[in-house]
Amino acid sequence: MNIENNKKKKQIAILGSTGSIGTQALQVIEEHPDLYEAYALTANNRVELLIAQARKFQPEVVVIANEEKYSELKEALSDLPIKVYAGTDAICQIVEAGPIDMVLTAMVGYAGLKPTINAIRAKKAIALANKETLVVAGELINQLAQQYRTPILPVDSEHSAVFQCLAGEVGNPIEKVILTASGGPFRTCTLEQLKSVTKAQALKHPNWEMGAKITIDSASMMNKGFEVIEAKWLFGVQPSQIEVVVHPQSVIHSMVQFEDGAVKAQLGMPDMRLPIQYAFSYPDRISSSFERLDFAKCTNLTFEQPDTKRFRNLALAYEAMYRGGNMPCIVNAANEVVVASFLKDGISFLGMSDVIEKTMERAMFIANPTYDDYVATDAEARRIASELVCRQSLCVKPSNS
């Protein structure tokens, strides 16, 4: 009986199960135990939470990227028939396991690229929450997805919204994709005020509960810049067809304008479980207990143009997209370095854009990069950005002391 039921359940590997997206994906699985099962759970460092998740959801496999935590994980799960592995190579290999139907890529940053490529080659459906994969290597990922006939289902709320707006519109040309942005915690700050904002202020997002890296990216609008690049690859549009509009209420998640001038929008509560569930259930919609949108309370939906003078990262992302090649890879690597430094109080909020821009100028540009070029570019851009951060932090330390 159990074997029969297991056959019907979609087997899901969650890469990054202890992060914001991963934990919410497990809530979706918990709400629909008859439809979904966690086959594999992976984490980078948070071994205690991974142990708790493994005990609750009883996956076939767990992997911890940090090999130093392997013994603790193995020992804590020794009474259960769960396979335990460690290391980034193990994550890349586990996505190829036969029973897996779908891989949710919820890892943070560049680390998601290699396992996503392996999962595509193994013909696993991809629920894509790791936007950096398409930012870094969108052309390569699209080529592989076509070659292996692997569906890529967007999990980002904005891209899921566009995806939902395009349902039933096959063959109808898109005039433009309109991505909404909350504007983050510093939407109304002046340039002068942005010079002295703190990590604690940047981590307080007005609408969404997210991990530290993406929350800082949202505050600097680099997250929106990455989403613009991601939209180019997901929906086959030109850079000039992608527009960003600031919508502080986060009720409209994104819109599509068609060539007749009609605009379709997807609305809902700011709850990531909805796009996660839609990626899991597509093309079906299934019931959920998520909070519903109450239009009696939505009395004020506003829209503004983004300010790329105060939020230069958005302009830098657009520039990288227009230049193409490995330039988005350079921007992503530099951004990962500066965000890590900002979270350790090693660089100022506005200083992050300075370092990214200088890294774009100094790293070697490659018009038609291969996978190996992306790996080399990532390493080179991180080195350049780290050196620039070092110099900048030496400059800012005396004024902070």
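Helices are taken here as DSSP runs of H or I spanning at least four residues, numbered from the N terminus. In the predicted model examined here, helix α11 contains both Asp-217 and Lys-213, which stand 4 residues apart, about one turn of the helix. The two side chains form a salt bridge with an N to O distance of 2.6 Å. Both partners are buried: Asp-217 has a relative accessibility of 1%, and Lys-213 has a relative accessible area of 13%. The pair also belongs to a network of salt bridges that links Glu-132, Lys-213 and Asp-217.

Helix α11 (212-220) recurs in the description of the largest pocket, where the helix supplies at least two residues of the lining. Its contribution amounts to 5 residues, the most given to that lining. The pocket encloses about 1,100 Å³ of space. Its lining comprises 48 residues, and those closest to the centre are Ala-106, Met-107, Val-108, Lys-213 and Ile-214. Lys-213 thus combines a place among the residues closest to the pocket centre with a salt bridge to Asp-217. Other helices that each supply at least two lining residues are α2 (20-31), α5 (88-94), α8 (157-165) and α12 (222-235). The strands β2 (36-43), β8 (174-181) and β10 (252-258) likewise each provide at least two. Sorted by class, the lining holds 17 nonpolar, 22 polar and 9 charged residues.

The second largest pocket has a volume of about 320 Å³. It is lined by 19 residues, with Leu-274, Arg-285, Ser-288, Phe-290 and Arg-292 nearest the centre. Two or more lining residues come from each of β11 (263-267) and α13 (273-281). Helix α13 gives the most to this lining, with 4 residues. The class composition is 7 nonpolar, 7 polar and 5 charged residues.

Salt bridges were then considered across the model. In general, side chains of opposite charge can pair when their charged atoms come close. A search of the whole structure yields 22 such bridges. One of them joins the side chains of Asp-156 and Lys-131, with an N to O distance of 3.3 Å. Asp-156 is located in the loop between β7 (152-154) and α8, whereas Lys-131 is located in the loop between β6 (125-128) and α7 (132-147), so this bridge ties together parts that are 25 residues apart in sequence. Both residues fall under the 20% limit for burial, because the relative accessible area is 7% for Asp-156 and 3% for Lys-131.

A further salt bridge is formed by Arg-323 and Glu-319, whose side chains meet at 3.4 Å, N to O. Both residues lie in helix α14 (residues 312-323), 4 residues apart, about one turn of the helix. The partners are partly exposed, with relative accessibility of 41% for Arg-323 and a relative accessible area of 36% for Glu-319. The spacing of 4 residues in α14 is also found for Asp-217 and Lys-213 in α11, but the latter pair consists of a buried Asp-217 and a buried Lys-213.

Note on methods:
Residues numbered from 1 in each chain as written. Predicted model: local features only at pLDDT ≥ 70, side-chain atom pairs only at ≥ 80, totals over all residues. Heavy atoms only, no water. 1 Å grid on protein atoms, 1.4 Å probe; cavity = no way out; pocket = protein on both sides within 12 Å on 5 of 7 lines; lining within 4 Å. Points joined across faces, edges and corners; volume = space filled by probe spheres on them. Nonpolar A, V, L, I, M, F, W, Y, C, P; charged D, E, K, R; others polar. Salt bridge = Lys/Arg side-chain N within 4 Å of Asp/Glu carboxyl O. Buried < 20%, exposed > 50% of the residue type's maximum accessible area, 1.4 Å probe, protein only.
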